[in-house]
Amino acid sequence: LLRPLASGFNPKSLGTLALWLDGADRSRMFSDDAATTLSADDGQVAVYKEKANGYNLVQTTANNRPLVRANTLNGRSVLEFDGSNDGLGSPALTEDWPALTAFAVFNTDTAGVVGRLFERGGRIWFRNSTSLTFYYSGASGSTTAGGSIPNGSWLSCVVNWNGDASGATGVQQRVNGVDSGTGSGTNAVVSAANEIAYIGNRADSGRPLDGYLAEVLIYSQSLSTAAIEKIESYLSTKWGL
């Protein structure tokens, strides 16, 4: 079993990890812009130090900061986004993402609210009222085919994009370990270099997430099925799903 504490399993061991946000790691959440004071239970997060490459996701507007909710899922903390204006953004990331595999453990509150789990440049993965949708270069990449995505339930979801902008199955999605759809877009892929990454919203605050994020892992490559299943097992065990 890939128990995250007992086995010492590290998601970095399975691919090029571009972004890792772990709600259970309270040592990386700060309530002030200078990142000197740790966020208290139910307190704001102004700076979130991601675990893959050491850069910060920040929110300089106090009213737009997500909150830390302690002991929320399997005894661990998560972030809560208010569905109005909360969000965190990175500096401009110099590296490109020629392909992508992304994981998120999340729960949403309100039906019909289209909330972004993450956004970067032309590649967007978001959760809407009935399904997950992945976009790149402004074209629809894939929508789930495995039924609705319920509100009020904790989900472990994956989108795996192989970098192909035109192939019939360039994007694969999984929900709670089950394949839920494949698809492709129509536009050429554009570089993501020097684009800002956002969590819980988009750049203009137009797609706020109403709900909770426990953990986010984004790899700048398309992972194998075996690697995906290992990370799903890690997340499921860690978060009690």
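**Figure 1. Overview of the chain in the predicted model.** Of the 241 residues that make up the chain, 52% count as buried. The model shown here and in the following views is predicted. The secondary structure of the chain amounts to one helix and 17 strands. When contacts between residues at least 6 apart in sequence are considered, 64% of them join residues at least 24 apart. The chain exposes an area of about 9300 Å², and 47% of this area is supplied by carbon and sulfur atoms.

**Figure 2. The salt bridge between Asp42 and Arg69.** The side chains of these two residues, Asp42 and Arg69, meet at 2.9 Å, N to O. Distant parts of the chain are linked by the pair, as the partners are 27 residues apart. Asp42 lies in the loop between β2 (29-30) and β3 (47-49), whereas Arg69 belongs to strand β5 (residues 67-73). Asp42 has a relative accessible area of 47% and is therefore partly exposed. Arg69 is also classed as partly exposed, because its relative accessibility is 23%.

**Figure 3. The salt bridge between Arg116 and Glu119.** In this pair, the closest N and O atoms of Arg116 and Glu119 are 2.9 Å apart. Both Arg116 and Glu119 are buried.

**Figure 4. The salt bridge between Arg174 and Glu232.** A distance of 2.8 Å separates the closest N and O atoms of Arg174 and Glu232. This pair joins distant parts of the chain: Arg174 is in strand β14 (residues 171-175) and Glu232 in helix α1 (residues 225-239), 58 residues apart. Arg174 counts as buried because its relative accessibility is 9%. Glu232 has a relative accessibility of 9%, so this residue too counts as buried.

**Figure 5. A network of salt bridges.** Asp22, Asp25, Lys51, Glu215 and Lys238 are joined into one network by salt bridges that share partners. Side chains of opposite charge can pair when their charged atoms come close. Across the whole structure, a search finds eleven salt bridges.

**Figure 6. The surroundings of Asn107 in strand β8.** Strand β8 comprises residues 100-108 and includes Asn107. With a relative accessibility of 7%, Asn107 falls under the 20% limit and therefore counts as buried. The side chain of Asn107 reaches the backbone nitrogen of Ser153 at a distance of 3.2 Å. Apart from its neighbours within four places in sequence, Asn107 is in contact with Gly152, Ser153 and Trp154, and also with Asp210, Gly211 and Tyr212.

**Figure 7. The largest cavity and its lining.** The count of cavities of 30 Å³ or more comes to two. The largest cavity has a volume of about 50 Å³. Its lining consists of Leu21, Asp22, Gly23, Tyr48, Leu79, Ile199, Leu213, Ala214, Glu215 and Val216. Strands β1 (17-22) and β17 (210-219) each supply at least two residues of this lining. The largest share, four residues, comes from β17. Two of the lining residues, Asp22 and Glu215, also belong to the network of salt bridges shown in Figure 5.

Notes
Residues numbered from 1 in each chain as written. Predicted model: local features only at pLDDT ≥ 70, side-chain atom pairs only at ≥ 80, totals over all residues. Heavy atoms only, no water. Salt bridge = Lys/Arg side-chain N within 4 Å of Asp/Glu carboxyl O. Buried < 20%, exposed > 50% of the residue type's maximum accessible area, 1.4 Å probe, protein only. Polar contact = N/O pair within 3.5 Å; in protein donor to acceptor, adjacent residues only side chain to side chain. Contact = heavy atoms within 4.5 Å. Areas by Shrake-Rupley, 256 points an atom, 1.4 Å probe, with all protein chains shown as cover. 1 Å grid on protein atoms, 1.4 Å probe; cavity = no way out; pocket = protein on both sides within 12 Å on 5 of 7 lines; lining within 4 Å. Points joined across faces, edges and corners; volume = space filled by probe spheres on them.
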